[in-house]
Amino acid sequence: MAEDSDLERTEPASAKRLQTAREEGNIPRSRELSTFAVTMTGVALLMTLGGKIATALMQIMQQIFTFDQTVVHKTEPVLLRFRESFFTIAWQLLPLFGALFIVAALVPLFVGGWNFTLKTVEPKFSKLNPLSGIKRLFSVTSATEALKAILKSMLIGGVATWFIWKERADLVGLISMPLESGIAKMADMMIHTFFVVTGAMLMLVVVDVPFQLWNYHKQLRMTKEEVKQEFKEAEGSPEVKGRIRQMQREAARKRMMQEVPSANVIVTNPTHYAVAIKYKEGMAAPQVVAKGSLKLAARIVDTGKENKVTVMRAPSFARALYFHAELGQDIPAKLYSAAAQVLAYVYQLNVYQTNGGLAPVYPDQLEVPPELDPESKPQQDAAPDKASKQDHDRR
């Protein structure tokens with residue numbers, strides 16, 4: 001049952017899915033809204049500009065078919081007059097067709113917004129599949145469109161029939177009217193009929209626009225599995241992200257281990273923590289070049305011994321550095337004094353091992369603030385025995 005529920009499209013479309021649909025040219029559109037807007041605009045323009053346009057066209061027709069005896073037998077003047085009249089007629093009709101074009105282009109933006117893509121005109125051989133065509137023919141969308149067409153025909157036809165029946169007396173009266181008056185009256189009645197019929201289409205628009213929006217989002221619904229998969233693609237698979245983090249840690253650890261041979265000293269806990277410190281002339285303060293705990297601490301110590309780096313046992317100092325010093329950065333100012341004691345001992349030890357003389361005194365009283373040591377005790381670290389001191393000497 002759980003698997004079946006994951007396959008049902010119950011989740012709303014995500015922002016990514018909506019964006020992908022727009023890029024493919026799949027956006028909500030209402031044909032009824034466009035048809036209503038264009039038709040209503042045309043009727044309104046005919047009601048306001050119809051008389052002016054009709055008068056202008058009548059004058060143009062009179063000019064076209066009025067010939068002078070001097071040119072009636074010549075072809076070129078007649079053709080020139082027809083060409084000039086054609087452009088004059090086009091200029092008179094330009095406001096009407098221009099307004100219709102603007103309305104047809106702008107009205108769809110109120111439903112689906114502006115969208116430009118070339119994917120809608122790309123050839124798709126899947127559309128030539130007869131099985132897919134039959135499936136679309138008997139789909140819910142096709143049935144809905146057929147029902148809308150029937151209802152539209154019934155509505156428009158019914159309203160037109162009702163209005164014509166209502167004006168039947170005036171229609172019959174056109175027979176007794178003069179020709180010009182009758183034509184003008186008939187044109188006026190036709191415009192009013194178109195206006196009433198187009199107004200009836202508003203009922204279809206009120207129903208169709210919400211339906212198109214609802215149907216559009218319904219078709220783009222996602223299953224729970226698709227939502228999970230999209231989330232993985234957007235955020236990254238946990239397995240892949242874990243592997244990337246592991247590789248990053250390994251790379252950082254490798255770079256850190258490469259810095260161990262350049263350290264001056266390695267201070268240890270002795271088994272839990274190990275921190276490698278580096279200080280050279282010109283540096284503002286000693287820096288931590290490597291640190292680790294448990295196995296990594298053992299690796300740091302082994303690498304230090306292999307490269308003849310002094311290893312010292314200083315539990316509180318090692319813990320303070322491990323928890324409060326960052327790699328590649330200066331150690332905290334509160335640990336300067338302890339670092340100076342350790343580095344001074346390392347320098348004296350190097351001189352002793354090279355030139356002989358008196359052995360340096362091991363610094364067993366390092367000045368480590370208790371707040372920097374998570375395992376601080378009232379007593380200071382006890383001095384290591386002689387065997388421990390020898391273990392800290394450079395191998």
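Let's start with one residue, L321: beyond its neighbours within four places in sequence, L321 is in contact (heavy atoms within 4.5 Å) with V267, V275, I277, V288, K291, I331 and L335. This is a predicted model, in which local features need pLDDT of at least 70, side-chain atom pairs count only at pLDDT 80 or more, and totals for chains, interfaces and linings use all residues. Residues are numbered from 1 along each chain as its sequence is written, and side-chain values use heavy atoms, leaving out hydrogens and water.

L321 also belongs to the largest nonpolar core, where V267, F317, L321, L335 and V342 touch the most other members of the 25. A nonpolar core is a set of buried Ala, Val, Leu, Ile, Met, Phe, Trp, Tyr and Cys residues joined through side-chain atoms within 4.5 Å; buried means under 20% relative accessible area (1.4 Å probe, protein chains only). These elements, which are DSSP runs numbered from the N terminus (helices: H or I, at least four residues; strands: E, at least two), each supply at least two residues of this core:

| Element | Residues |
|---|---|
| β1 | 265-268 |
| β2 | 273-278 |
| α13 | 315-324 |
| α14 | 336-355 |

Helix α14 gives the most to this core, with 7 residues. A second, separate core has 15 residues, including M256, M257, A276 and V309.

Now for the whole chain. There are 15 helices and 4 strands, and buried residues make up 30% of the 395 residues. Among contacts between residues at least 6 apart in sequence, 75% join residues at least 24 apart.

Key. Buried means under 20% relative accessible area, exposed over 50%, partly exposed in between (1.4 Å probe, protein chains only).
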